[in-house]
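Colleague: I would like to learn how to read a model like this one feature by feature. Could you take me through it, giving the general idea before the particular case?

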Amino acid sequence: MQNLAIQYITGKFNLSNLLNANHVSAKKTLLLFAFAFCISTAAQSQSVFYMNYRFTSIEDTTLYHVFLVRHEDGKGFYRVRFFDPESKDDIVVEMDMEERYFKDKNGNTDTTKLYLKGSNPVIVYGDKNYKHYPERFWFKLDKRSDLFEPWAVTSPDESGTAQGKFVDPPELLDPSELTEDLVALFFLEEDEFYQNLFKVKARGLSPQEKQAKLHLIIVANTEDETIGNTCVLDKDRTYKTFKDLSEFLGIGFNSNVIFGNTYSKQNVQAAVQALAPAPKDIVVFYYSGHGFADQNSNKVFPNMALSNKSFEDAVANSMNIEDVYMTIKRKGARLNLVFSDCCNNAPDDRASLSCDIPQTRSSGLGWSLENCKNLFMNDKPMSILMTAAQKGEQSTGNASYGGFFTNQFRSNLITHFGPFHQYPTWDVILGQSKKNTTEQAENSRCSESNTPLRTYKQHPVYRIQ
């Protein structure tokens, strides 16, 4: 059969012929969508492939078509479109998806193989009584690129596990290949993704709105011998995210980045005190470094350890992130976003470093102006305080992704900037970031060969006012 992705892109296909080619029904095609972590960075992202397959171990000869969205943390969803010969109906099924490493029969983990596991099937279109068995899409590590590539597909049911075979080599798609004809195979016109791509007409900022500014303060303990490398990543990627956002919105940008030999309590205090936002401005304060809980108070948010010398007293040279939040909130900006990625336990505990997260190839998908405006230019004033771990817990990260909480928050934020969502809310973004951080901390700890992964408990805390 001619490559389906090419048929989709060029428009050289007929839906009936596509789903009944050679009088064979269609069941599953896979698209993995990779979204740029920031618009121009490819390393931290979501991923997009197109695949199609048939089963080889059972009598079912159906060709299955699937649209799959893999977020950076390995979660996501996919939609399957196929023709059911019994009902003579096209069916589209949507499923949640999560990522798992392969384990052998003895329970040993093989970190060179993973699978994306479908769950919770919902019929989007077609026979609502159809029972669809979720797939598992398998990826294998390519040691040359250190990226995971599509490898195989299986589908467990009551009778065992059916083996599938890709009909064409899996293909990575870029945004230009998301044509209306292709998207319409899997999404209804009323779906958010379809609406955002083809129906929503973004309204530019008014002259008054363009007078707004985004004020960014970043504090990062980049010279610490244990977490300095992760703090550098946190600092650079957070800066780029909000610098890109200000440029995308077309508003002013003021920044103050405190790191290296400028890292001190005095400089943080001075930066916060110097903030003078206008009522329509945005203020973002971000901290990446060591932190600890104040055991003598009821505050649930941590102290930032702002000592830069080993001989300095950690407690005396600290500031509570909630105190910083209250000071910034009183300055009266439209949106105040204050967050920290640090431990929230004893002063002498240190953040945990984990192994790398699996990566697949990625392709950039642009931002929705309406989504960015809805979050950052809303007429309703809002203040948000969040931190990486609840009281008594450590924060976790690694040298590739920085702090897990920072990574998950930024990833969810960028995802909601894109066309898969419409009218995003901070409740959804923060709730998903909390959930993903907890799961990543529990499942991404490095282990010795052929031993179970060691885990950590980490539950971010946030407040929206």
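Modeller: Let us begin with the lining of the largest pocket, whose residues divide into 7 nonpolar, 13 polar and 9 charged. Please keep in mind throughout that this is a predicted model.

Colleague: How much space lies in the largest pocket, and which residues lie nearest its centre?

Modeller: The general idea is that rolling a probe the size of a water molecule over the atoms shows where empty space is left. In this model, about 560 Å³ of space lies in the largest pocket, and 29 residues line the pocket, with His71, Gly76, Phe77, His421 and Gln432 nearest its centre. The elements that give two or more residues to this lining are the strands E6 (76-84), E7 (89-103) and E8 (109-125), together with the helices H4 (192-198), H9 (404-417) and H10 (426-443). The largest share of the lining, 5 residues, comes from H9.

Colleague: Before we go into single strands, how many helices and strands are there in the protein chain, and what percentage of its residues count as buried?

Modeller: The protein chain has 10 helices and 24 strands, and 53% of its 465 residues count as buried. About 20100 Å² of the chain is exposed, and carbon and sulfur atoms supply 47% of that area. Where contacts are taken between residues at least 6 apart in sequence, 70% of them join residues at least 24 apart.

Colleague: Which strands pair with E8 and E9, and in what sense?

Modeller: Strands of a sheet pair through backbone hydrogen bonds, either parallel or antiparallel. Here E8 is joined to strand E9 (residues 136-142) by 5 bridges, and the two run antiparallel; lysine 117 has arginine 136 in E9 as its bridge partner. E9 also pairs with strand E10 (residues 147-157), again in the antiparallel sense, over 7 bridges, and within this pairing the partner of tryptophan 138 is alanine 152 in E10.

Colleague: What do E9 and E10 form together, and which residue in the turn has a positive phi?

Modeller: E9 and E10 form a hairpin with 4 residues between them, and aspartate 146 in the turn has a positive phi of about 60 degrees. Aspartate 146 counts as exposed because its relative accessibility is 51%, where the cut-off for exposed is over 50%. A further positive value in a residue other than glycine is found at lysine 88, whose phi is near 55 degrees. Lysine 88 is in the loop between E6 and E7, and with 62% relative accessibility it counts as exposed.

Colleague: How many residues of strand E4 are buried, and which strands does E4 pair with?

Modeller: Since 6 of the 7 residues of strand E4 (residues 49-55) are buried, this strand is largely enclosed by the rest of the structure. E4 is joined by 2 bridges to strand E12 (residues 171-172), in an antiparallel arrangement, with tyrosine 50 opposite its bridge partner glutamate 171. E4 also pairs with strand E11 (residues 160-166) in the antiparallel sense over 3 bridges, and there phenylalanine 55 has glycine 164 as its bridge partner.

Colleague: In what order do the 3 strands of the open sheet lie, and which are its edge strands?

Modeller: The order is E16-E17-E18, with antiparallel pairing. The edge strands are E16 (291-292) and E18 (318-320), each of which pairs on one side only. Strand E17 (residues 303-305) is joined to E18 by 3 bridges, and alanine 305 stands opposite serine 318 in E18.

Colleague: Is asparagine 320 of E18 buried or exposed, and which residues does asparagine 320 touch?

Modeller: Asparagine 320, which lies in strand E18, is buried because its relative accessible area is 5%, where buried means under 20%. Leaving aside residues up to four places away in sequence, asparagine 320 touches Lys299, Phe301, Pro302 and Asn303. Its C-alpha atom is separated by 9.2 Å from that of phenylalanine 292, 28 residues apart along the chain.

Colleague: Where is the place of tryptophan 367, and is this residue buried or exposed?

Modeller: Tryptophan 367 is in the loop between strand E20 (352-353) and helix H8 (369-376), and with a relative accessible area of 11% it is buried. Between tryptophan 367 and threonine 415 there is a sequence separation of 48 residues, while their C-alpha atoms are 8.6 Å apart in space.

Terms used:
Residues are numbered from 1 along each chain as its sequence is written. This is a predicted model: local features need pLDDT of at least 70, side-chain atom pairs count only at pLDDT 80 or more; totals for chains, interfaces and linings use all residues. Side-chain values use heavy atoms; hydrogens and water are left out. Buried means under 20% relative accessible area, exposed over 50%, partly exposed in between (1.4 Å probe, protein chains only). Two strands pair if DSSP finds at least two bridges between them. Contact means heavy atoms within 4.5 Å. Accessible areas come from the Shrake-Rupley method with a 1.4 Å probe; for residues, only the protein chains shown count as cover. On a 1 Å grid over the protein atoms alone, a cavity is a set of points where a 1.4 Å probe fits but cannot get out, and a pocket is an open set with protein on both sides within 12 Å along at least five of seven lines; lining residues have an atom within 4 Å of a point. Grid points are joined across faces, edges and corners, and a volume is the space filled by probe spheres set on the points. Ala, Val, Leu, Ile, Met, Phe, Trp, Tyr, Cys and Pro count as nonpolar, Asp, Glu, Lys and Arg as charged, and the others, Gly among them, as polar.
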